[in-house]
Amino acid sequence: MQHKLATNPELLATPTHAKRFPGESRQETRYLTLKMGMTGPPTTASKPSHTEEQPRRCAINPFHSIKFFVLCHGLLQLSQLLVSGYLKSIVSTIEKRFGLSSQTSGMLSSLNEDQNLKSEICSVQESSGGYDMLSLLIVGQLLLGIGGVPIQPFGISYVDDFASNRNSPLYLGILFAVSVLGPAFGFVLGSAVLRLYVDIDKLSAADIDLEFGDPRWVGAWWLGFLMAASFVGMVSIPYFFFPKEMPKEGSRDPEGGISTDKKLNELKSKQEDVTQGLSLLQFIKSFPCILLRTLRSSVYLLVVLAQVCMSALMSGLTVFIGKFLEQQFTVTASFANLLIGSIHVPGAVLGILIGGAIMRRFQMSLRGSAIMCFAAIFASICATTPLLFLGCSTQVVAGINDNQSTLNRTFGLELSCNRGCSCKDYAYNPVCTTDGVEFVSPCHAGCMSASFETDGKVVNYANCSCVSAQTLVKPGSCGSGCYKLLLPFMIFLTLAGFVATFCQTPSFILVLRSVKPEDKSLAIGIQFMLFRVLAWLPGPVLYGSAIDTTCIQWETKCSKKAACRYYNLDLFRVRYIGLQMLFQCSAFLLFLMAYYFLKKESLRREQQTKMTTTDPRFGEERKKLMEQESETKLQLESKA
């Protein structure tokens, strides 16, 4: 019998009088045996042999690994925001295609009321299917917004629940960084498809009269949606296989089992969660109390409002940054999207990763996280300030801003030199003279003839009554002449985004740690609700309205204002960058106030600690509390 015990690991791990239930592992049986006071074989034989397979569920099933979830969720967020970034990259093209104002395109981006959008396009040419196409685009954006509501709140809460406290900031930083890569890919995708003509599916290359770079060029904005939708469908498949709960990272003992302390903590947290096991009606009745308890946290409320300010900033900045670059520096929509996707957005990704790594490396407290947040925002404000001065004034356009009397004219471009030409105001084919004066069309310049190349391309126009005989008139816009300032502008813009995103991970850690564990999911839900109501919906509309106030000449369709042709670029730059700095300053003050309340709370706890160490009455109460906690732990241990 002794020989059998020495050579049979199963007999060593399971005494003959201990019954193993079906599906029960040897380790669980050994644990129950020890808890029941059974005597077993020598301790040297209690460990299974090296050849015995250990029941490690995470090693077998990747869907029980939080790391694999971070990978899948990062891809899902990337695909969702790729669609969002792609829409922002084609805003100026959609405005040109359907004759929309910036305010209206901002409404489209923020998924606002579609009736307001439809009223502006009135009778778009039915042959182009413009009305139906824009209606489909609006419905698609609404569905995308509805489907994307739970993605980020669910992912953040799930990672924080099942990742270790040490790795949670790093995982959240990775999720945020991958999310920011989504708009980057969206802008790059927009840059690629806008090089193709909008009717590429109907016309051959030989039938397209316009060339890429022409002010009248409209890119194939619809093509990117087909590619992005396919990607979203593929990355959604793994979510059918993830469990509702998984083992918390780092909760296994060296032998592969769940440690007792971790079990006790999980049971204790479940007992503290008052919402566990409640019916729907009971939860609805208790919801107001839980909501008030969450909102009464000063730190939580201030940090969320600061995040709302930064979200409003980003929602408007990203929607119109491509248009801003097109107007200020006279670049194509494709090149502007390429700059944003390859320079600006990767800088923000790097900032998020570094912020998360700093949090993990130094194990920052809540006060340290608040300091990191307002310091990052202050540095971003300093980097944004030079952007107010990096730009040029609007080029001189005859009949629009060539003198003060015609400033802000909406209708009528007739001059004395072209009065007999019967030029149409809706005609838009800009030409530029060698003197640097731009005309809306050759007709408005009074031109009677043109010189052509062998392939039919116009070289220049001649016999123009509105310019001197020695002045050449060439096709195309004169531009703002600010291309040389594009590089320093992108450097400061990328630097501002890089340092601002340092606060992304610390701010979310502040949100998660400033409320009770049982209120965490609700707190994240409230946070993203405020994002949508106060930032993502009104942000693009606010930016679009501010941009529209700088327009000095509108295109007309259906006898109403449509897209803007020319802006006062100085006002455009000041109001666009000024709004950004306004939101930055607000976020800075709110993070500073959050730090003040955290410091105040820390001082109060220090005073309470001193009182407990000096007053014997507190010592006795503390002893009683420790005894009660010990009894509770024993009860929980017996349940475990």
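Axes are lines fitted to C-alpha atoms, for helices over the stretch in contact, and angles run from 0 to 180 degrees between N-to-C directions. The model is a predicted one, in which local features need pLDDT of at least 70 and side-chain atom pairs count only at pLDDT 80 or more, whereas totals for chains, interfaces and linings use all residues. Residues are numbered from 1 along each chain as its sequence is written, and side-chain values use heavy atoms, with hydrogens and water left out.

**Exercise 1. Describe how helix H17 packs against helix H18.**

Solution. Begin with the elements themselves: helices (H or I, at least four residues) and strands (E, at least two) are DSSP runs, numbered from the N terminus. Helix H17 covers residues 366–384 and helix H18 covers residues 486–500, and their axes lie 8 Å apart at an angle of about 175 degrees. Next, classify the angle: under 35 degrees counts as roughly parallel, over 145 as roughly antiparallel, 65 to 115 as roughly perpendicular and the rest as oblique. H17 and H18 are therefore roughly antiparallel to each other.

Then list the residues that meet, where contact means heavy atoms within 4.5 Å. H17 contributes Ala376, Ile377, Ala379, Ser380, Ala383 and Thr384, while H18 contributes Phe492, Leu495, Ala496, Val499 and Ala500. Finally, sort them by class, with Ala, Val, Leu, Ile, Met, Phe, Trp, Tyr, Cys and Pro as nonpolar, Asp, Glu, Lys and Arg as charged, and the others, Gly among them, as polar. The contact of H17 with H18 has 9 nonpolar, 2 polar and no charged residues.

**Exercise 2. Carry out the analysis for helices H10 and H20, and add the handedness of the crossing.**

Solution. The axes of helix H10 (residues 151–162) and helix H20 (residues 520–536) come within 9 Å and cross at roughly 150 degrees. That angle makes H10 roughly antiparallel to H20. For handedness, a crossing is left-handed if the near helix is turned anticlockwise from the far one by less than a right angle, and right-handed if clockwise; the crossing of H10 and H20 is right-handed. Gln152, Pro153, Ile156, Ser157, Asp160 and Asp161 of H10 make the contact with Lys520, Ser521, Ile524 and Phe528 of H20. By class, the residues of this contact divide into 4 nonpolar, 3 polar and 3 charged.

**Exercise 3. Ile526 lies in helix H20; is Ile526 buried or exposed, and which residues does Ile526 touch?**

Solution. Set the cut-offs first: buried means under 20% relative accessible area, exposed over 50%, and partly exposed in between (1.4 Å probe, protein chains only). At 7% relative accessibility, Ile526 counts as buried. Not counting residues up to four places away in sequence, Ile526 touches Leu291, Thr294, Leu295 and Tyr300. Turning to a residue of H10, the C-alpha atoms of Ile526 and Pro153 are separated by 9.5 Å, although the two residues are 373 apart along the chain.

**Exercise 4. How many of the 10 residues of helix H19 are buried, and which of its residues does Gln307 contact?**

Solution. In helix H19 (residues 504–513), 8 of the 10 residues are buried, so the helix is largely enclosed by the rest of the structure. The buried residues are Thr505, Pro506, Ser507, Phe508, Ile509, Leu510, Val511 and Leu512. Gln307 is placed in helix H15 and, at 6% relative accessibility, counts as buried. Beyond its neighbours within four places in sequence, Gln307 is in contact with Ser507, Phe508, Val511, Gln527 and Phe531; of these, Ser507, Phe508 and Val511 are among the buried residues of H19.

**Exercise 5. Which residues touch the most other members of the largest nonpolar core?**

Solution. A nonpolar core is a set of buried Ala, Val, Leu, Ile, Met, Phe, Trp, Tyr and Cys residues joined through side-chain atoms within 4.5 Å. The largest core has 100 residues, of which Ile66, Val159, Leu325, Phe489 and Tyr576 touch the most other members. Helix H15 (residues 298–329) supplies the largest share of this core, 18 residues. Not counting residues up to four places away in sequence, Ile66 touches Tyr158, Val159, Phe162, Ala163, Tyr171, Met246 and Glu249. A second, separate core of 26 residues includes Ile90, Leu108, Leu137 and Ile208.
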